[in-house]
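Open the model in your viewer and keep the sequence panel beside it. This tour goes stop by stop, with something to select at each one.

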Number of protein chains: 2
Amino acid sequence: MKLKKRSDCPVSTSLDIWGDKWSLLIIRDLMFAKECTYGDFLKAPEHIATNILASRLQALEENKIIEKLDHPESKAKVLYRLTKKGIDLLPIMIEINLWAEKYFPIPANRKAMLKEVKKDKIAFIKSMTKELERQDVR
Amino acid sequence: MKLKKRSDCPVSTSLDIWGDKWSLLIIRDLMFAKECTYGDFLKAPEHIATNILASRLQALEENKIIEKLDHPESKAKVLYRLTKKGIDLLPIMIEINLWAEKYFPIPANRKAMLKEVKKDKIAFIKSMTKELERQDVR
DNA sequence: TAATTTTACTTGCAAATTGCAAGTGCAAAT
DNA sequence: ATTTGCACTTGCAATTTGCAAGTAAAATTA
């Protein structure tokens, strides 16, 4: 599977990579949990189909948004993690949350996070980015 | 057509509305041009199919992201414009552009805009929002 | 050690969505 | 009065999605 660019527009190019109903949910899970297994993604409340999950994970990996790494406890498990390119989607993710909060009721725990964001957005992003970047030695 | 929410997550809810390959391109056009006709959207370099455009415009209108208004020059034309809810997607749009700029080559005119953004993001958004909100009396 | 379970997928197929081409109906221009 | 422009709609083939079941390797249990 190769990326087909519809135009040179940066918005269009971005959507070519993660502009579907599922990719940003996978990225969301990785931002909130830092690392996830295949099974973790399946536990998300939106209930992605297993074949769609597999195809999205593959596409995101091909586009260097996520990467696989060995699970420290088991060879049967696979850990997925955001690359720097993926972590850099954080500002977009935060703005999506802020927009949604303005127009829809949202869960309390997410609301608490956004309260922190609004205190100092730049600091929040910097700190969360640092956390996500910390690559544990295994 | 009614919105089916996959979960209470604000990201998921947002994607239910505009999380496809085309909606944000329509919104992009309206942000850059302020107002567009049906034909204007068709002129975009990504070449959306006419039936897809019609269905997206309808969905975005149902979700109060855009609204129709009478064209001042002709009853045969229809003008589309962003609502406040749509204009509030601007921070997301800007972050998408900034992310893309970091990882892909992007056109010079867009790059010039992002230079302005980076000088003072908050001021840029405020000023562009104001411009988009100005509802001309016709 | 053998049998069962867990984990990460793959496969097959029906249903929904997309994309292309052509058509329609009203408005405006000629 | 006829043609052109504009905003869609329609029909249909191709692609994508979603569900259910299956597979293979690794880990656990008996």
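Start at Lys34(A), which comes after helix 2 of chain A and has a positive phi, near 75°. Keep in mind throughout that this is a predicted model.

**Helix 2 of chain A**

Step back into the helix itself and select residues 23–33 of chain A. How many of the eleven residues of this helix are buried? Nine are, so helix 2 is mostly covered, buried here meaning under 20% relative accessible area. Colour the buried ones: Ser23(A), Leu24(A), Leu25(A), Ile26(A), Ile27(A), Arg28(A), Asp29(A), Leu30(A) and Met31(A). Note that Arg28(A) and Asp29(A) are on that list.

**DNA strand D**

Now show DNA strand D and the 20 residues that surround it. Label the closest: Asn51(A), Arg56(A) and Lys75(A) from chain A, with Thr50(B) and Tyr80(B) from chain B. Of the strand D atoms that come within 4 Å of the protein, 64% belong to sugar and phosphate.

Zoom in on three contacts.

- Asn51(A): an N or O atom of its side chain is 2.7 Å from a base nitrogen of strand D.
- Arg56(A): a polar side-chain atom lies 2.9 Å from a phosphate oxygen of strand D.
- Ala76(A): here a backbone N or O atom lies 3.4 Å from a sugar or linking oxygen of strand D.

Pull back to the secondary structure. Two or more residues near strand D come from each of these elements: helix 4 (50–62) of chain A, and helix 3 (38–43), helix 4 (50–62) and strand 3 (78–82) of chain B. Helix 4 of chain A gives the largest share, four residues. Colour this surface by residue type and you get eight nonpolar, seven polar and five charged residues.

**DNA strand C**

Switch to DNA strand C. Select the 19 residues around it. Which of them come nearest? They are Thr50(A), Tyr80(A), Asn51(B), Arg56(B) and Lys75(B). Sugar and phosphate make up 64% of the strand C atoms within 4 Å of the protein.

Three phosphate contacts are worth a close view.

- Gly39(A): a polar backbone atom is 2.8 Å from a phosphate oxygen of strand C.
- Trp22(B): an N or O atom of the side chain is 3.0 Å from a phosphate oxygen of strand C.
- Arg56(B): an N or O atom of the side chain is 2.8 Å from a phosphate oxygen of strand C.

The elements giving two or more residues to this surface are helix 3 (38–43), helix 4 and strand 3 (78–82) of chain A, plus helix 4 of chain B. Here helix 4 of chain B has the largest share, with four residues. By type, the surface near strand C divides into eight nonpolar, seven polar and four charged residues.

**Arginines over tryptophans**

Stay on Trp22(B). Add Arg6(A), which lies over the face of that ring, 4.6 Å from the ring centre. Then select Trp22(A) and Arg6(B): the charged end of Arg6(B) sits over the ring of Trp22(A), 4.6 Å from its centre.

**The aromatic cluster**

Show the aromatic side chains. Eight aromatic pairs are present over all chains. Go to Trp99(B) and Phe104(B), an edge-to-face pair with 5.8 Å between centres and 75° between planes. Both Trp99(B) and Phe104(B) are buried. Now widen the selection: Trp18(A), Trp99(B), Tyr103(B) and Phe104(B) form one aromatic cluster.

**A buried serine**

Next, pick Ser12(B) in helix 1 (residues 10–18) of chain B. Is Ser12(B) buried or exposed? Its relative accessibility is 0%, so Ser12(B) counts as buried. Its side chain makes a polar contact with the side chain of Ser7(B), at 3.3 Å.

**The cysteines**

Finish with the sulfurs. The structure holds zero disulfides over all chains. Why does Cys9(A) form no bond with the closest cysteine sulfur? That sulfur is in Cys36(B), 13 Å away, and therefore too far for a bond. Seen from Cys36(B), the closest cysteine sulfur is that of Cys9(A). Cys9(A) counts as buried at 8% relative accessibility, and Cys36(B) counts as buried at 3%.

Key: Residues numbered from 1 in each chain as written. Chains lettered and ligands numbered in written order. Predicted model: local features only at pLDDT ≥ 70, side-chain atom pairs only at ≥ 80, totals over all residues. Heavy atoms only, no water. Near = heavy atom within 4 Å. Polar contact = N/O pair within 3.5 Å; in protein donor to acceptor, adjacent residues only side chain to side chain. Nonpolar A, V, L, I, M, F, W, Y, C, P; charged D, E, K, R; others polar. Disulfide = S-S within 2.5 Å. Buried < 20%, exposed > 50% of the residue type's maximum accessible area, 1.4 Å probe, protein only. Phe/Tyr/Trp six-rings, centres within 6.5 Å; stacked < 30°, edge-to-face > 60°. Lys NZ or Arg CZ within 6 Å of the ring centre and 35° of its normal.
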